[in-house]
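Open the model in your viewer and keep the selection tool ready. We will go stop by stop.

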Amino acid sequence: MGSNGTTGHTSAVAPPPSQGRLITVLSIDGGGIRGLIPATIIACLEAKLQELDGPEARIADYFDVIAGTSTGALITAMLAAPDDNKRPLFLPRTSASSTSTMGPRSSPKESMMQFSIRSISKNSSFGVSATYQTTCCCRIGFLKPVANLLSVMRGPKYDGAFLHDKIKSLTHDVRIADTVTNVVMPAFDVKCLQPVIFSTYEAQHEPLKNAHLSDICISTAAAPTYFPAHYFRMEGPDGKSREFHLVDGGVAANNPTMVAMSMLTKEVLRHNPDFRPMEYGNFLIISVGTGSPKQAEMYTAPKCAKWRLLRWLYDGGFTPLIDIFSHASADVVDIHAQVLLEALRCEKDYLRIQDDSLVGPTSPVDIATKENMEALIGIGTELLKKPVARVNIDTGIYETVPGMGTNKQALERFARKLSDELKLRKKNFNSY
């Protein structure tokens with residue numbers, strides 16, 4: 001909660017975990033435009049926290065780490081970007097009427113779809129903006145999928161220019177060490193063929209990883225085949241430098257929950273004074289997914305048995321290979337976290353909210369029409385009404401957990417725990 005890591009310094013947000021009982025984590029999956037689903041869930045959580053602690057309460061006040069991949073990283077940056085008073089700059093209020101706009105522009109040669117979930121300062125709504133642009137010579141009949149396939153073959157589907165400009169305009173020159181609470185954002189370096197984890201903690205140990213939030217967000221959102229890889233170079237105060245050649249963090253960890261837990265554990269091992277020696281049982285974790293078309297059973301072995309490379313990359317508007325990697329990455333983490341926390345008898349402090357029944361236009365990560373955005377927000381709203389569910393390790397399907405109530409009721413319980421934890425920390429901190 002607002003800890004600034006190894007220096008032992010406490011930010012304007014909240015006292016560190018050493019002043020309380022819990023270590024709190026918010027994790028947000030990647031998923032393109034489907035990020036509207038977790039944005040809706042997080043808005044509900046903050047509303048509950050404000051009911052308990054007043055209108056100035058912010059998500060960043062209650063979490064020691066906010067972790068996000070791809071779209072989740074964009075949301076994370078909005079939650080943790082500081083204003084002039086080192087307070088969170090943005091509010092996560094998402095609604096179809098007030099926070100999303102759609103501007104379609106078309107000409108005989110070009111069709112541009114731009115969505116902008118408006119990002120305004122402290123008293124309004126936060127959001128993530130992107131432009132998805134594609135060129136089609138023909139848009140009717142069987143020629144449309146052919147044109148789309150040719151577009152995939154000749155390069156990334158989108159140039160990312162609008163996304164880059166919008167991220168930079170929102171985050172300005174903020175570096176990851178400047179966030180109001182600790183953040184964790186994974187990416188993948190294609191030159192080194194290894195994950196790169198950017199975090200507030202790491203930035204304090206390694207100046208060459210204290211990158212601008214804009215560069216990190218652009219990198220972790222650079223989904224292969226959708227956006228171009230992102231390159232930037234860091235210069236250290238000692239004259240050393242490091243190059244980064246990065247793509248989507250979902251290649252390594254589309255669900256960043258375990259990455260966040262690893263970073264926290266690493267700080268404990270470093271004897272960071274913000275932490276006391278702890279066990280995993282002290283974690284409180286909320287992990288929010290961006291939805292999955294798992295129950296739609298889009299792919300079968302007979303269907304894909306004869307596919308060659310191009311079909312794996314593109315099939316009827318979908319990208320099977322990318323979908324499989326991202327869902328596998330997220331689900332393995334979900335299973336790992338669930339089993340680990342059950343073994344440690346603290347599964348009641350782990351809440352995973354995910355919808356595995358997406359169908360139709362809500363399934364792809366880049367359908368940015370007004371209708372689809374409203375549908376995704378609706379899915380997030382309906383997900384709050386659904387019972388708490390956990391993934392079945394054998395089937396991969398989410399099954400209802402008896403006695404846990406709805407996701408909204410679970411968020412209310414977690415909000416009370418988070419509120420109590422913050423009050424305890426403030427009481428202990430002020431008693432010194």
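Two strands pair if DSSP finds at least two bridges between them. Strands (E, at least two residues) and helices (H or I, at least four) are DSSP runs, numbered from the N terminus. This is a predicted model, where local features need pLDDT of at least 70, side-chain atom pairs count only at pLDDT 80 or more, and totals for chains, interfaces and linings use all residues. Residues are numbered from 1 along each chain as its sequence is written, and side-chain values use heavy atoms, with hydrogens and water left out.

**Stop 1: strand β6**

Select residues 182-189, which make up strand β6. Are they buried or exposed? Of its 8 residues, 8 are buried (under 20% relative accessible area; exposed is over 50%, partly exposed in between, with a 1.4 Å probe and protein chains only). Now show the side chains. N182, V184, P186 and F188 point one way. V183, M185, A187 and D189 point the other way. In a regular strand the side chains alternate between the two faces of the sheet.

**Stop 2: the partners of β6**

Add residues 194-199, strand β7. Six bridges join β7 to β6, and the two run antiparallel. Find V184: S199 of β7 stands opposite. The two strands form a hairpin with 4 residues between them. Click on L193 in the turn; its phi is positive, about 55 degrees.

Next, add residues 65-68, strand β2. β2 runs parallel to β6, with 3 bridges. V65 has N182 as its bridge partner.

Then add residues 241-247, strand β9. β9 is antiparallel to β6, with 2 bridges. Look for L246 opposite D189.

**Stop 3: two helices**

Select helix α4 (residues 161-171) and helix α6 (residues 213-220). Their axes come within 9 Å and cross at roughly 145 degrees. Axes are lines fitted to C-alpha atoms, for helices over the stretch in contact, and angles run from 0 to 180 degrees between N-to-C directions. From α4, show H164, I167, K168 and T171. From α6, show L213, S214, C217 and I218. These residues make the contact (heavy atoms within 4.5 Å).

**Stop 4: confidence**

Color by pLDDT, the predictor's confidence in each residue, from 0 to 100. The chain's mean is 80, and 81% of its residues reach 70 or more. Which element has the lowest mean? Strand β4 (residues 111-117) does, at 31, while β2 has the highest, 97. Finish on residues 94-152, where pLDDT is below 50. Where pLDDT is low, the predicted coordinates should not be read in detail.
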